[in-house]
Amino acid sequence: SIIADVFMSAIEKVTSKKILRFNKATGRWYTYEVWNATVANLTLMALGSSAPEILLNVLDIFAKEYFAEGLGPGTIVGSAAYNLLMIIAVCIVSLPDGQVRKI
């Protein structure tokens, strides 16, 4: 659980970035969030959950003198694609009808 806490705090640090911008029309400064926190956190969690598979397959490739097994690369691509596409699908489906949000 300590590693999970460190990982989550790193995600929060990356996704909490804000930029100060000047609006010429109003003559005021405003804070602009770079990341949409929900989408960024879910996407980074998907990447983080795929990290063990990627690391093990890369180590396996180096151990076998760059000979990739048939299952290894397919596992990485399939798992990562499923994680990212499912997260994007949940984000899209969770919006109420007629509502639009920009990232």
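Let's start with the strands. Strand β1 covers residues 18-23, and strand β2 covers residues 28-33. The two run antiparallel, joined by 6 bridges. Keep in mind that this is a predicted model.

Take one bridge as an example. Arg 21 has Tyr 30 as its bridge partner in β2. Now look at the side chain of Arg 21. Which ring does its charged end sit over? That ring belongs to Tyr 32, and the charged end of Arg 21 is 4.5 Å from the ring centre. So much for the cation; what about ring against ring? How many aromatic pairs turn up in the whole structure? The search finds 1.

Now the turn of the hairpin. Between β1 and β2 there are 4 residues. Gly 27 in this hairpin takes a positive phi, near 75°.

On to the helices. Helix α1 runs over residues 2-15, and Thr 15 is part of it. Is Thr 15 buried or exposed? Its relative accessible area is 9%. The cut-off for buried is under 20%, so Thr 15 counts as buried. Next, a distance. Thr 15 and Val 39 are 24 residues apart along the chain. Their C-alpha atoms are separated by 9.7 Å. Hold on to Val 39; that residue comes back in a minute.

Next is helix α2, residues 37-63. Ala 46 lies in this helix. Ala 46 has 5% relative accessibility, so Ala 46 counts as buried too. Which distance goes with it? From Ala 46 to Ala 81 is 35 residues along the chain. Between their C-alpha atoms, the separation is 9.5 Å.

Last topic, the pocket. The largest pocket has a volume of about 280 Å³. It is lined by 13 residues. Which of them are closest to the centre? They are Asn 36, Val 39, Cys 91, Leu 95 and Arg 101. So there is Val 39 again. Two elements give two or more residues each to the lining: α2, and α3, which spans residues 71-93. Which element gives the largest share? That is α3, with 4 residues.

And the chemistry of the lining? By class, 7 of the residues are nonpolar, 4 are polar and 2 are charged.

To recap. An antiparallel hairpin of β1 and β2, with Arg 21 over the ring of Tyr 32. Two buried helix residues, Thr 15 and Ala 46. And a largest pocket with α2 and α3 in its lining. That's it from me.

Technical notes:
Residues are numbered from 1 along each chain as its sequence is written. This is a predicted model: local features need pLDDT of at least 70, side-chain atom pairs count only at pLDDT 80 or more; totals for chains, interfaces and linings use all residues. Side-chain values use heavy atoms; hydrogens and water are left out. On a 1 Å grid over the protein atoms alone, a cavity is a set of points where a 1.4 Å probe fits but cannot get out, and a pocket is an open set with protein on both sides within 12 Å along at least five of seven lines; lining residues have an atom within 4 Å of a point. Grid points are joined across faces, edges and corners, and a volume is the space filled by probe spheres set on the points. Ala, Val, Leu, Ile, Met, Phe, Trp, Tyr, Cys and Pro count as nonpolar, Asp, Glu, Lys and Arg as charged, and the others, Gly among them, as polar. Two strands pair if DSSP finds at least two bridges between them. Rings of Phe, Tyr and Trp (its six-membered ring) pair if their centres lie within 6.5 Å; planes under 30 degrees apart count as stacked, over 60 as edge-to-face and the rest as tilted. A charge sits over a ring if NZ of Lys or CZ of Arg is within 6 Å of the ring centre and within 35 degrees of the ring normal. Buried means under 20% relative accessible area, exposed over 50%, partly exposed in between (1.4 Å probe, protein chains only).
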